[in-house]
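User: I've got a model on screen and want to go through it bit by bit. Can you take my questions one at a time?

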Amino acid sequence: VAPAGCYSMDDTGFIFATASSSSKNIFSGGIAIAIGSTTSPQENPIGRSFAPGRLPGILAIFDRLGQIGLTPTGASIDDNGADFVVPLTQGFDVKASFGQDTEALIRNLQLILSAEVLKDKQADIQYIDLRFGDRAYYKLKSSGTVSTSTAIQN
């Protein structure tokens, strides 16, 4: 049985039913964007869409992440609808913005993961933030500070 508040949706993000079992991917935050206002937790989202027009892009990123050996577990869209976070089974999150080129995003992620400071340290990464063009920010789980790398290209 799926946790309360979980729904089934198609590949376009259209929510059509209450989920009967847990999904391998969990999406959150996109319903408010769909209706243009804040959605209360009690409001039923069936018949609405999750992140209208944006889910295909997220799914394309999921596909490319899988091709480079990373496994996404879902996506969370921020309140302003411009950015999203993809948690990975590898233990860290990837932060990105809508409108970024998928291939550039994946290439930049591969470059930062291969940088000397993070090479072979995936288990130590809390997140990698790729929202800022020619800079990537990352945070290690053991560190209270956010670091930057310019080892990416657009």
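User: Among contacts between residues at least 6 apart in sequence, what percentage joins residues at least 24 apart?
Analyst: This is a predicted model, where local features need pLDDT of at least 70 and side-chain atom pairs count only at pLDDT 80 or more, while totals for chains, interfaces and linings use all residues. Residues are numbered from 1 along each chain as its sequence is written, and side-chain values use heavy atoms, with hydrogens and water left out. Contact means heavy atoms within 4.5 Å. With contacts in the protein chain between residues at least 6 apart as the pool, the share joining residues at least 24 apart is 41%.

User: How many helices and strands are there in the protein chain?
Analyst: Helices (H or I, at least four residues) and strands (E, at least two) are DSSP runs, numbered from the N terminus. Along the sequence they follow β-β-β-α-α-β-β-β-α-β-β-β. The count comes to three helices and nine strands.

User: What percentage of the 154 residues counts as buried?
Analyst: Buried means under 20% relative accessible area, exposed means over 50%, and partly exposed is in between (1.4 Å probe, protein chains only). Going by that, the buried share of the protein chain's 154 residues is 34%.

User: And how much area does the protein chain expose?
Analyst: Accessible areas come from the Shrake-Rupley method with a 1.4 Å probe, and for residues only the protein chains shown count as cover. Carbon and sulfur atoms supply 49% of the exposed area. In total, the protein chain exposes about 8,300 Å².

User: Which residue in the hairpin of β1 and β2 takes a positive phi?
Analyst: Strands β1 (residues 7–9) and β2 (residues 15–18) run antiparallel and pair over three bridges; a pair needs at least two bridges found by DSSP. M9 sits opposite I15 of β2, and the hairpin has five residues between the strands. The residue with a positive phi, near 100 degrees, is G13.

User: A51 and D120 also have positive phi values, in residues other than glycine. Is A51 buried or exposed?
Analyst: A51 is in the loop between α1 (31–35) and α2, and its phi is near 45 degrees. Its relative accessibility is 2%, so A51 is buried.

User: Then is D120 buried or exposed?
Analyst: D120 is in the loop between α3 and β7 (125–132), with phi near 60 degrees. Its relative accessibility is 75%, so D120 is exposed.

User: Which side chains make polar contacts with the side chain of D83?
Analyst: D83 is in strand β5 (residues 83–87) and is buried because its relative accessibility is 15%. A polar contact is a pair of N or O atoms within 3.5 Å; within protein, one must be able to donate a hydrogen and the other to accept it, and residues adjacent in sequence count only if both atoms are side-chain atoms. D83 has such a contact at 2.6 Å with S97, and another at 3.3 Å with R131. The partners are therefore S97 and R131.

User: Setting aside neighbours within four places in sequence, which residues does S97 contact?
Analyst: S97 is in strand β6 and counts as buried because its relative accessible area is 15%. With sequence neighbours within four places left out, its contacts are A82, D83, F84 and R131.

User: How are the rings of F84 and F98 arranged: stacked, tilted or edge-to-face?
Analyst: Rings of Phe, Tyr and Trp (its six-membered ring) pair if their centres lie within 6.5 Å; planes under 30 degrees apart count as stacked, over 60 as edge-to-face and the rest as tilted. The whole structure holds two aromatic pairs. In one of them, F84 and F98 have ring centres 4.7 Å apart and planes at 40 degrees, so the pair is tilted.

User: Where do F84 and F98 lie?
Analyst: F84 is buried because its relative accessibility is 3%, and F98 is buried because its value is 19%. The pair links distant parts of the chain, 14 residues apart: F84 is in strand β5, and F98 is in the loop between β6 (93–97) and α3 (102–114).

User: What about the rings of F132 and Y137: stacked, tilted or edge-to-face?
Analyst: F132 is partly exposed because its relative accessible area is 44%, and Y137 is partly exposed because its value is 27%. Their ring centres are 5.4 Å apart and the planes are at 90 degrees, so the pair is edge-to-face.
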